[in-house]
Amino acid sequence: MRLKRKDILTIEELAGDEIELILSTAESLKEVSEREIKKVPTLRGRTIINLFYEASTRTRTSFEIAAKRMSADAINISASSSSVVKGETLKDTARNIEAMNPDCIVLRHSSSGAPEMLAKLVKCSVINAGDGSHEHPSQALLDLLTVKQRFGKIQGLKVAIIGDILHSRVARSNIYGFTKLGAEVSVAGPPTMMPSKIEKTGCRAFNRIEDAIKDADVIMMLRIQLERQKTGLFPTVREYSRLFGLDSKKLENAKKPAPEGFNRGDVVILHPGPVNRGIEISSDVADGKYSLILEQVKNGVAVRMALFYLLMGGARE
Ligand code: CP
């Protein structure tokens, strides 16, 4: 089975059944990472280029691991150690990479729309690994997989996304993904970090975290982008943390935690990473029993294997 598209650029453009196919494929590929020999020959002879113009730990590593577990050849290019520092444009870089005949380019770029531009230039597949404040589709897919594994479904769940909604590509992709699969999405953040017409995406907007997380099944905390603090989007980091940070006290009001152990119906906490501990989330919550943060990272490999497989793999083995 293959996706009937060349590229994965946004969640906005994916149909619900395409998302479901990616999630079910990721589920079936997850066990490869549990094997003693963590490799299948499915993509032998394929070449995947990870082209990263921005820093990354989780996304880049998991795309590389995913490629290698599928037996593809993975080549990593980071802008800081490439001819980009000599002034080469993305267009020229793309043409030169294309001349080496890759099967897929995974692109992270600070400019929204860069993966779409690349996809029009090259014949091979392009996967968006995060573009500016636009979308981060593979992050939303791994978030959906993590939640689906925990609750057995997405339909009908209440999902709260908290933080800098305006600048977050993670928020945008997740709002599309969760609403397409039938979840109810609420968002909260400072007014300066809230898009003016956010309700048009199908979610409800709140000014207070307490209102957004009330009765939520899933709370997704976003990284506060401290590099934007100089633009005065919130008064102080301490003030932001007090009003919008998630700690155990606010969590108690969100949903009654189970008296003992973890129940399938308990609230779960997601964060895409990297975490600013003590700012958007306290350490006890980030490391606590409701946190699925490391499960998200684990699922990142399976989702990226699924994307490679569905773009390049052909018939299931
Ligand atoms: N979630 C995420 O995109 O993390 P990285 O920036 O480390 O890839």
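In the predicted model, helix α2 meets helix α11 through Arg58, Thr59, Ser62, Phe63, Ile65, Ala66, Ala67 and Arg69 on the α2 side, and through Val297, Gly300, Val301, Arg304, Met305 and Phe308 on the α11 side. By class, this contact of α2 with α11 comprises 8 nonpolar, 3 polar and 3 charged residues. Helix α2 spans residues 58-69 and helix α11 spans residues 293-312. The axes of the two helices come within 8 Å and cross at roughly 55°. Angles of 65 to 115 degrees count as roughly perpendicular and those under 35 degrees as roughly parallel, and the crossing angle therefore makes α2 oblique to α11. The crossing of α2 past α11 is right-handed.

The strands described here belong to two open sheets. In general, the strands of a sheet pair through backbone hydrogen bonds, either parallel or antiparallel. One open sheet consists of 4 strands in the order β2-β1-β3-β4, and its pairing is parallel. Its edges are formed by β2 (73-78) and β4 (125-131), each of which pairs on one side only. From one strand to the next, the twist of this sheet averages 15°.

Within the sheet of 4 strands, β3 covers residues 104-109 and pairs with β4 in the parallel sense over 5 bridges. In this pairing, histidine 109 stands opposite aspartate 131 of β4. A helix also packs against this part of the model. Helix α3, made up of residues 90-98, lies across β1 (47-52), β2 and β3. The direction of α3 is at about 165° to β1. Angles over 145 degrees count as roughly antiparallel, so α3 is roughly antiparallel to β1.

The other open sheet has 5 strands, arranged in the order β7-β6-β5-β8-β9. The pairing in this sheet is parallel. Strands β7 (204-206) and β9 (268-270) are the edge strands, and each pairs on one side only. The twist averages 20° from one strand to the next. Strand β5, residues 158-162, pairs with strand β8, residues 218-221, in the parallel sense over 4 bridges. Alanine 160 stands opposite isoleucine 219 in β8.

How values were computed:
Residues numbered from 1 in each chain as written. Predicted model: local features only at pLDDT ≥ 70, side-chain atom pairs only at ≥ 80, totals over all residues. Heavy atoms only, no water. Pairing = 2+ DSSP bridges. Axes fitted to C-alpha atoms, helices over the stretch in contact; angles between N-to-C directions. Contact = heavy atoms within 4.5 Å. Left-handed = near helix turned anticlockwise from the far one by under 90°. Nonpolar A, V, L, I, M, F, W, Y, C, P; charged D, E, K, R; others polar.
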